[in-house]
Amino acid sequence: PTAPPTAPPTAPPTAPPTALPTPTPCAAPSIDAFVVSGSVALGVPADFQYRFSSDCFSKWELDFGDGSSTSGVDLIGTTQHTYASCGVYVVEIMGTDSYGRTTRVEQRDVQVMCPPTATPTATPCPGPPLIVSFEVDPAYPPMPETPVAF
């Protein structure tokens, strides 16, 4: 007698393939350094230095805190800005890569100082020579770069 025919073995069902995320060829951008002038005299440009890292870096944006801004595409650099008014300004910088990913926003303060105002006072002395004295308001100490003329 012959054995009855048997069905060939079947493979167990398999799950449908899952889509793998598209690998990103570079790390998200980061700010490695952001250095600003701590304080400047009115009319003197403030300096800004920055360094980003990313293999697919696209651009940076810098907001000077006074309504003006600038942008660029270099990873490392410097720029300057001259403020029109005295005060403290919050400066912000952020970078973006070609995938639209952004860095965290870094903030720094820049203090723009007005030149001191001198209020001259004179006390006449009898006879020559005439001695004149000037006092500077201690709330506004003179800056070394600021010439004072009378």
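Two strands count as paired if DSSP finds at least two bridges between them. With that in mind, here are some notes on this predicted model.

1. **The bridge at Leu-62.** A good place to start is strand S4, residues 57-63, which runs antiparallel to S5 and is joined to that strand by four bridges. Within this pairing, Leu-62 has Thr-70 of S5 as its bridge partner.

2. **The five-stranded sheet.** S4 and S5 belong to an open sheet of five strands, ordered S2-S8-S7-S4-S5, with mixed pairing. Strand S2 (39-41) and strand S5 (69-72) are at the edges with a single partner strand each, so one side of each has no neighbour in the sheet. From one strand to the next, the twist averages 20 degrees.

3. **The three-stranded sheet.** Another open sheet holds three strands in the order S1-S3-S6, and here the pairing is antiparallel. The edge positions go to strand S1 (30-36) and strand S6 (76-81); each has a single partner strand, so one side of each is left without a neighbour in the sheet. The twist in this sheet averages 20 degrees from one strand to the next.

4. **Inside the S1 and S3 pairing.** Six bridges link S1 to strand S3 (residues 46-53), in the antiparallel sense. If you would like a pair to look for on screen, try Phe-34, whose bridge partner in S3 is Tyr-50.

5. **Thr-103, a loop residue.** Do have a look at Thr-103, which sits in the loop between strand S7 (87-97) and strand S8 (106-113). Is Thr-103 buried or exposed? Its relative accessibility is 6%, and buried means under 20%, so Thr-103 counts as buried.

6. **What surrounds Thr-103.** The Thr-103 side chain comes to 2.9 Å from the backbone nitrogen of Gly-95. Setting aside neighbours within four places in sequence, Thr-103 has contacts with Pro-29, Ser-30, Ile-31, Phe-52, Met-94 and Gly-95.

7. **The protein overall.** The protein has 10 strands and zero helices, so please do not spend time hunting for a helix. Of its 150 residues, 23% count as buried. Taking contacts between residues at least 6 apart in sequence, 60% join residues at least 24 apart.

8. **The surface.** The accessible surface of the protein is about 10,600 Å². Carbon and sulfur atoms account for 60% of that area.

Technical notes: Residues are numbered from 1 along each chain as its sequence is written. This is a predicted model: local features need pLDDT of at least 70, side-chain atom pairs count only at pLDDT 80 or more; totals for chains, interfaces and linings use all residues. Side-chain values use heavy atoms; hydrogens and water are left out. Helices (H or I, at least four residues) and strands (E, at least two) are DSSP runs, numbered from the N terminus. Axes are lines fitted to C-alpha atoms, for helices over the stretch in contact, and angles run from 0 to 180 degrees between N-to-C directions. Buried means under 20% relative accessible area, exposed over 50%, partly exposed in between (1.4 Å probe, protein chains only). A polar contact is a pair of N or O atoms within 3.5 Å; within protein, one must be able to donate a hydrogen and the other to accept it, and residues adjacent in sequence count only if both atoms are side-chain atoms. Contact means heavy atoms within 4.5 Å. Accessible areas come from the Shrake-Rupley method with a 1.4 Å probe; for residues, only the protein chains shown count as cover.
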